[in-house]
Amino acid sequence: MKRKLIAVTFIAILILIAATGCKSEGKQTLSILNYDIYMDKSLLSEFEKANNVTIKYDTYSTPEEMYIKVKSGASKYDLIISGEYMIERLIREKLINKLNFDNIPNYKYIGEDFKNHVYDPDNEYSVPYFWGTLGILYNKKTVDASSDSWAMLWDESHAQKIIMMDSQRDSFAAALKLLGYSINTVDEKELDEAKDLLIQQRPLVMAYITDGAPDIMINEEADMALVWSGEAVSAMAENENLDFVIPKEGSNIWIDAMVVPANSENQEMAERFIDFLCSTEATLRNINEVWYSTVHTEAIKLVDEELLNNPAFNIPKEDIDKMEMLRDPKEFIGLYTERWTELMAQ
Amino acid sequence: MKDRTKYFAYPYVVWIFIFIALPAFLVLLYSVTTKESNGLTTIHFTWENFKNFFQPLYLNILWDSIYLAAISTIICLMLGYPAAYIISKAHISKRNTLLFMCILPMWMNMLLRTYAWMTILGNNGILNNIFAFLGLPKVNMLYTRGATIMGMVYNFIPFMILPIYTALSKMDKAVLEAADDLGANKRTKFIKVILPLSMPGVISGIIMVFMPAVSTFIIPQLLGGNKSMMIGNLVEKLFILNGDWNFGSAISIVMMVIILLSMSIMNKFDVDKEGGARLW
Amino acid sequence: MVRKYLSKIYMGIIFIFLYAPIVVLAVFSFNESKSRGHWTGFSLRWYIELFHDQDIRMAFYYTITIAIITAIVSTILGTIAAIGINAMKGRQKALILNVNYLPVVNPDIVTGISLMILYISFNMDFGFNTMLISHIVFSIPYVILSILPKLKQLDVHMTEAAMDLGATPMYALRKVIIPEIKPGIVTGFLMAFTLSIDDFIISYFTKGEGVTNLSIIIYSMARRGVRPTINALSTIMLTVVLLLMILINKRANGHDKSKKTNRSEV
């Protein structure tokens, strides 16, 4: 009996040691969840030093993944950066808090174009971070982009040289736009048509990958890729044969914004960090890291001429007019997921 | 003494209950309930998740994973058996070194090993550069099913060589000599004596290669470019992206059953096992 | 004679297959440019970049810390459990052994998601603790499986003799049992350590709060494309493993030349 007791206590102590082994010493912590490669990391340590906090920084690769993390409550975050249609969903499901804009004086720098959008109509929950679009990154040496159309991605002369995204909403967006439909359609017939188009494209596709396309394009291992605009900017900076086109059928315009989850234990610090990221200096440093288009009215005046001439960064007005914002499909999300699984399992 | 030392296992019994049995039970629970279930208060039981899985769409994925894993296992066996045989026949001074060289890559991070092939197979990778140097045309290798199979063979072949070698080296020399004395030629000796005696090793090898191969999701993702979805990819997607844990759990249960079944079938042939896996 | 050459050539081909990727990784870690196919000149650039990479440094720290704690805890727990299980009989023993076997035979992905569901059901915060516990969970069975055969070989009479001579059970454990099963314990410790360092899938499902390990970092880097910094990292890791293995082998050979090393358990 005694031995049993000793063994049990021994193990209890061990577990206790393991569990408490690495608690930080009473410092405040700020947990951040952001896309992969979407921030100049040196900003984190700077903010840590200035405010005496410890930042825990997690990343994810698609908004769907972010939603599951937040919804399941696996980790508690104080600040999340994500896409507008997921923010719309988070607001609807009451998973994020209203912000106290008194703590975010730098909000004044956010351009009016990026406020009052449908996902957060009264600008209560979110502060825009970057924005961008979806388009085709292609190699000028091998691809003729004169058609200026999503049909380029279905061009059989580039079989096995086309890269698509492993992200259902984005890949569907390309097909839906080519068909002339809304990227938010919940019409099963339209979605089936888009699915068939994507199935038809499958033999031409080299790979379905997220984040990996710029590297492959820089190495000229593929002819074109469906990418987000910032990926195009970064790739074009490293290989001058690359160019970016936003097809004439129109595309998706997205805004990524910063929000504070409802279960945040440190909202004030999160708001201070949002304010810090909205400063002109931090924004400029982030632009040089992520290469997406900025929402900052002062920073845009200070970026390089070369960047301003790049249509993937300074997206032309006539293209923007043809763009559509993704919406939260609510209960219809299954329509996309089902078809996507069907496509991937071909 | 012996009776009392038994108590030493009790803390671990508690541990097993919390961290092995309970999670397995939770997966089972998720697999037979609906998404709307909320905690233990409002549970709705259903077979829908399993029914859902037995649609052609998902069965195709399952079938394809089994197919890819089986091909990789066969290739591993065909490449690994001769290697194990040669090692077991090698001079005793060399044997350990040869074996060590077979195991060493296994000690390197699996993701790194997979990643290594990305640099080799790419359209502008090492192999294609060598082809270009020899005046041969470029070949699309990365992001194909071939690349996926190769990645599996590369990652798991040590698991095949090792148990076969163990079985071969444990073989009773007297039996072999008896075969010689009875006039068996080399071929008959191999087919009638060596091969059957090495079967336990072959079977362990098959299990140890097939199991990780059928459930992998990294290799089809990194080397296959997500073009052939395997059952592991599906489970990962359901948990990480779609948040459909109930369906994901059902598939996990199917995977578990398949593996436990194949283990128990394999165990029927395996005379060398002790205690452990008998219940399965 | 021909046979001998054939087998030499065959082993040569197998080793080329096994080592070519590793050699390529190592060689290109010293390449000057990012190019993956062309050699443009020698440089240590990627090693310097590696050491400046905060993420990799943190991941390295977590990987090693978790591996060490995992190895220690699971060796202690596993040894105690193995001694207890060895003393058990009949169905009770079979049942425990079989449940213990579950993490070994289950696909990693199933172990990963089942632990993830467990933590979520108990509202645990994902992070260091969840990852550590998961590693201990899947390591202990291997420790037990490497110690049990040694316990079976143990001469029961020896412990009894010790106690007849006045040794307390604890004393007998310390002075008789533990020294006898030490090779099994060492094997178990090393296995727990390497399993923990190498794990990706289970960590992937139980990570959180900024805690990642090297495997996860490599995964996210590899998804983005080929990075020479990973080459540098893998070269360093391989060198360390190589040195460790040689050291262990030397030690094992020096210790008992007559006994066979415990390869079969690996």
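The centres of domain 1 and domain 2 of chain A, taken over C-alpha atoms, are separated by 27 Å. The structure is a predicted model, in which local features need pLDDT of at least 70 and side-chain atom pairs count only at pLDDT 80 or more, while totals for chains, interfaces and linings use all residues. Residues are numbered from 1 along each chain as its sequence is written, and chains are lettered from A and ligands numbered from 1 in the order in which they are written.

**Chain A and its contacts**

Domain 1 of chain A covers 12–131 + 255–308, and domain 2 covers 132–253 + 316–344; such bounds come from an automatic or database domain assignment. Between the two, 16 residues of domain 1 of chain A are in contact with 13 residues of domain 2 of chain A, two residues being in contact if their C-beta atoms, placed from the backbone, lie within 7 Å. On the domain 1 side, α4 (84–92) and β4 (127–139) of chain A each supply at least two residues. The largest share of that side, five residues, comes from α4(A). Helices (H or I, at least four residues) and strands (E, at least two) are DSSP runs, numbered from the N terminus.

Chain A also meets chain B, in a contact that takes 24 residues from chain A and 21 residues from chain B. On the chain A side, two or more residues come from each of α1 (2–20), α3 (63–72), β6 (205–208) and α14 (333–344) of chain A. The largest share of this side, five residues, belongs to α1(A).

The table gives the residue classes of three contacts. Ala, Val, Leu, Ile, Met, Phe, Trp, Tyr, Cys and Pro count as nonpolar, Asp, Glu, Lys and Arg as charged, and the others, Gly among them, as polar.

| Contact | Nonpolar | Polar | Charged |
|---|---|---|---|
| Side of domain 1 of chain A that touches domain 2 of chain A | seven residues | four residues | five residues |
| Side of chain A that touches chain B | ten residues | five residues | nine residues |
| α3(C) with α8(C) | ten residues | eight residues | no residues |

**Chain C**

Chain C has eleven helices and zero strands. Its C-alpha trace spans about 75 × 65 × 30 Å along its principal axes. Of its 266 residues, 48% count as buried, that is, with 20 or more other C-beta atoms, placed from the backbone, within 10 Å of their own.

The axes of α3(C) (residues 54–87) and α8(C) (residues 169–198) come within 8 Å and cross at roughly 145 degrees. Axes are lines fitted to C-alpha atoms, for helices over the stretch in contact, and angles run from 0 to 180 degrees between N-to-C directions. Residues of α3(C) including Thr63(C), Ile66(C) and Ile83(C) meet residues of α8(C), among them Ile177(C), Phe189(C) and Ile197(C).

Helix α10(C) (residues 214–224) is mostly covered, with eight of its eleven residues buried. Ile216(C), Ile218(C) and Tyr219(C) are among these buried residues. Just after α10(C), Gly225(C) takes a positive phi of about 130 degrees.

**The nonpolar core**

Ile218(C) appears again in the largest nonpolar core, which has 261 residues, as one of those with the most contacts inside it. A nonpolar core is a set of buried Ala, Val, Leu, Ile, Met, Phe, Trp, Tyr and Cys residues joined through C-beta atoms within 7 Å. Helix α8 (residues 145–170) of chain B gives the most to this core, with 16 residues.

Notes
A residue is buried if 20 or more other C-beta atoms lie within 10 Å of its own, exposed if 12 or fewer, and partly exposed in between; C-beta atoms are placed from the backbone.
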